[in-house]
Structures are given as C-alpha cells and as structure tokens.
Amino acid sequence: MSKKIRLTIWSAVALIVIALICVFAFSSCKANSVVLRASKEANNYTINAIYNDDTKSLFATQSVDYKNTSTDTLNSVSFHLYPNAFRDGAQFKPVGALTSEDAYPNGESFGGITVKNVKVNNKETTFEIGGKDKDILVVPIATQLFPNSRATISFEFDVNLPNIRHRFGYTDKAVNLGNFYPIACVYENGAFDTSPYSYNGDPFYSDVSNYKVTLTCADDFVIASTGEAKSSTAKDGKVEHVFTALAVRDFAMVLSREFNVLTGKAGKTTVSYYSYKDANAEKSLETSVKTVNTFNKLFGEYPYKTLAVVETGFVHGGMEFPNIVYISDDLASYEEYTNVIVHEIAHQWWYGVVGDNQNVDGWIDEGLAEYSCILFYENNPDYAQSRDKIISSDLKSYVLFVEVYGDLFENFDTSMTRALTDYKTEPEYTYMAYVKSVLMLDNIRNVVGDNKFMAALKDFYRDNAMKFATRDTFILAFENASKMPLRALVDSWLDGKIIITSDTVS
C-alpha cells in the first residue's frame, strides 16, 4: 500500500471521527440548550455551609446574585424561610395530626433558621422577618432594583434540624437537607408570593436558579445531592464537598454514613441509587434507569446529567427535588416502593423542568406524576400493572371517599385549585390532587385518543420547560394537539362541577 493511499484512508478515518464528535457535541448541546438558556437569566446562589453532626446544625453563608426579571422596580426582595415551619410555636406545622406520630420517631422535635448580617451589594442593611408565620425574610433595596438589573444579597444563617422523618430533619440513618436555606420568593402580579408552609402537599413555588454549594462535614458521610459533585477536599477529619447545578428550582442533599451506592446510565444521565436497607437495591436501580429511559422517550429528554434516587427517612411515600428524590425507608411493600420510585422520578419532568405553583396548582405536577406511573407500566409490562386496574382502583376509592366525606362535611368541596391551607385534611388534598387528577387525565385521554394525548404531553413538556405551567397552558397543550375544545371539560373537573360515578371515566 502506497503512502499516499494510507494517508487518504487515515484522512477519511479522521473526518469520520471528527464528524461523529461533532454529531455527539451537537446532540449534547441541543439536549442541554434549554438548561443553558434558562441559566443565563437565572439567579445565582452561592452557599458555603458547615454541618455539625453533634449538634445537628448548620452554619452557612449565602450570596444571591438576584435579577429583577419583572417590569416593576423593586424596593425589596423577599425570601422564604422554610425551616421556620419546624420551629416550636409555628402556626403552619410541617405535619398534620394523622401523620405526626409516624413523623416524630422519638417524640415531637423542633428546628428552625436564624438569619443575620444581611448585606446588599456588600453594604449592611436592616431586614425584617415577617410573613404569616415568621417565615419570610424581607431585604430592602435602598437604591431600588430596576427591571433587568441585578443586586447581590448576602447573609449568614444558622439552622437547627429537628428529629423528624421529613424533607428537612434527621433520623438515626440519614440527614435530610431539603428546603434548608433562604430561597427567593417568586415575584408576579406586582408582589412576592409569600404563601406559607403547609402539611398538605408540597408548598413550594420557585424560579429556576444556578447553584454553587459547598458543604463541609465529617469525612465518613456519603452525600447525595442536587447537581454535580465537582470536588472533595479532605482536611482534619472533615471533607469540603463542592456541588454545582444550573437552572434548577431548588437544591437539596441527604447525608448518611450507611449509604451503599449503585450507578447506572439512562441516556446522558448518570443515575445513582443510595440505600442502606433495601434488599432489592439492584432492582431499584434498574427501575430508576428504566423510568428515566421511558420518560425520555414519552415526554422529551431529561436535560440534566445526574439523578440521585435516595432511600431515607420520610413520613410520606417520597419527595422530589431537582436531580434528587427521596424514597421512604418505611413503605408497606416493595411494590409500593417501586411505584414511589417511578412517581418521584416523573416529578423531574413535572415540577422540576415544567414548574407550577404547587400552593394552588399541585394537581398539575401531582396528577401528571401519578399518571406517568400508568404510562410507565404500559411501556414496561414486566411490572404486571395495568392501566385498567389502576384506574378502576382509583375510581372506586375516589367515589367511596366522596360518599364518606359528603356525610361528614356539609357542602363538601371537590374543587382542585384551592390553596393548600384551604384543604381540611391531608386525605382531602390527596384525593383531589392525586386521585381525581388521574381520573381527569384518563378522561381526557379517552376523549382525544392515545396518540393526541401523548403528543399533548410532549408539547406541554417542550413549551413549558423552565417555566411555570398553569391551568391555561395545560388546557392549551391538549386543545392544540387534539384540535378539540376541551376547556369546558377540564374546567368542570377542576372546579368540582363534574359528578364522578363509576361510569364517569369509562
């Protein structure tokens, strides 16, 4: 073979390799473009925290590069102080009477957050702790913050964790750091949304933001976290861990000395499963990977590089945060455990990427996450769950619930868009936001047909990525995909006007 021919072949090989690299880079860039676009307009959080396991407390400094994305000039910026829902004397408590005993394994326990040394653009300022339950930090902006302008707001804070099986708290197995830091309230319609904490549902509403979080803790802790681990530096028996995340709605971590970690790959996402007592850990990881792959195909690609699925102490079935989900270590069966994995991972699409105001529109993300479980089982028949079986069970339980509640409460309200604090009990919220939403979605699917229903979900995901979905955008997605007028139907479900019987969704 002549040298010239060899060069030609190597040139061709090089071109092919370059082409493949370009294709891969373009695909990766396209997949991440929604995150990159959102990150450019987002607030930037820098948090440096030290965790003391002896006192079950955090000391932290936080700086927020805050952008006024509204058309109003702001004189102040408000932040939620969610840990104060766990303090002694809180009006809006983290758990209701029905779950209090399960939540507190060693009796009622309290925590909270204290903020100090507040500065705006590096100048000290006064501040207020207000809201309905001492749960809102109000930071004045002396020079005013004009539209599209930024201000740097910084402060120190101390956090005490309660002994509770919840988003925020500790057990003998793990430390849950969900909603542990001050987070900016959403500004809309001329005001900051300062909705209080509620034991009903997930009382959270937050813009996507960028995070750099540094946590220093004892060197024997394993950490599951939102975002990507960037470095770990050991010093004097402690380790400084650095995590970063772009365009996520909030940031959470779980620490444990007992975690075993398994990893898998779903598309471009590394899925890690953290557990300490799950006898089916390999199966749980497999389900987690299958779930991401299934929803990538059905809804659109998950735009982040990491997802942590974490077994931990939690009074309810599970909890979603960006890039990390909690799965309760105390579920009744492995079948239920599996279903919670699927449901919570579905929230990465519905709540994580497509946001909503969970204080009033929890039916959007909870209903879609629950119905996504049905779609998962339809596409993975080896789990031996069927759409018909699930819908039949939900319908029977909902009809029975309404009959019982109708006898207990006069003028029983079955609307689905109330504030979380307006629901009388946890079961009432659960049946409206979860069960009734599933029945509504199945009714819509029967009306428009499978193909248009799935097309609507894809469009809804694409068009509302990194935004807040509403009743109107939800209806619009299904009307556009089906070319059918659906507002009256959906409004009847949401407003509690439709009478649901065993024949309603057939």
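Two strands count as paired when DSSP finds at least two bridges between them. Keep that in mind for the views below, which come from a predicted model.

**View 1. Strand β1 shows alternating side chains.** β1 covers residues 43–52. Which of its side chains are buried? N43, Y45, I47, A49 and Y51 point to one face and are buried. Those of N44, T46, N48, I50 and N52 point to the other face and are not buried.

**View 2. β1 pairs with β14 in the parallel sense.** Strand β14 spans residues 209–218, and eight bridges join it to β1. To find your way along this pair, start at Y45, whose bridge partner in β14 is Y211. Y45 also belongs to the buried face of β1.

**View 3. β1 and β2 form a hairpin.** Strand β2 takes in residues 57–67 and runs antiparallel to β1, with nine bridges between the two. A handy landmark here is T46, which stands opposite S63 of β2; the side chain of T46 is on the face of β1 that is not buried. Four residues lie between the two strands, and K56 in the turn has a positive phi of about 50 degrees.

**View 4. A salt bridge joins R150 to D65.** How far apart are the closest N and O atoms of R150 and D65? They are 3.0 Å apart. The two residues come from distant parts of the chain: R150 sits in strand β8 (residues 150–160) and D65 in strand β2, 85 residues apart. R150 is partly exposed, at 33% relative accessible area. D65, at 22%, is partly exposed too; buried would call for a value under 20%. In the whole model, 24 salt bridges are counted.

**View 5. Two loops meet through K173 and E258.** These residues form a salt bridge, and their closest N and O atoms are 2.9 Å apart. Here, too, distant parts of the chain are linked: K173 belongs to the loop between β9 (168–170) and β10 (175–177), while E258 belongs to the loop between β18 (253–256) and β19 (260–266), 85 residues apart. Is K173 buried or partly exposed? K173 is partly exposed, with a relative accessibility of 30%. E258 is partly exposed as well, at 33%.

**View 6. R445 and E378 bridge two helices.** Their side chains meet in a salt bridge of 2.9 Å, N to O. R445 lies in helix α7 (residues 426–448) and E378 in helix α5 (residues 362–379), so this contact ties together parts that are 67 residues apart in sequence. R445 is buried, with a relative accessible area of 5%, whereas E378 is partly exposed at 34%.

**View 7. Four charged residues share one network.** Salt bridges with common partners join D53, K56, D220 and R257. You have already met K56, in the turn between β1 and β2.

**View 8. Four strands make an open sheet.** Reading across, the strand order is β6-β7-β3-β11, and the pairing is antiparallel. Which strands are at the edges? They are β6 (128–130) and β11 (183–184), each of which pairs on one side only. Elsewhere in this sheet, β3 (residues 74–80) and β7 (residues 136–145) run antiparallel and are joined by six bridges. To line these two strands up, look for F79, which stands opposite L137 in β7.

Notes
Residues are numbered from 1 along each chain as its sequence is written. This is a predicted model: local features need pLDDT of at least 70, side-chain atom pairs count only at pLDDT 80 or more; totals for chains, interfaces and linings use all residues. Side-chain values use heavy atoms; hydrogens and water are left out. Buried means under 20% relative accessible area, exposed over 50%, partly exposed in between (1.4 Å probe, protein chains only).
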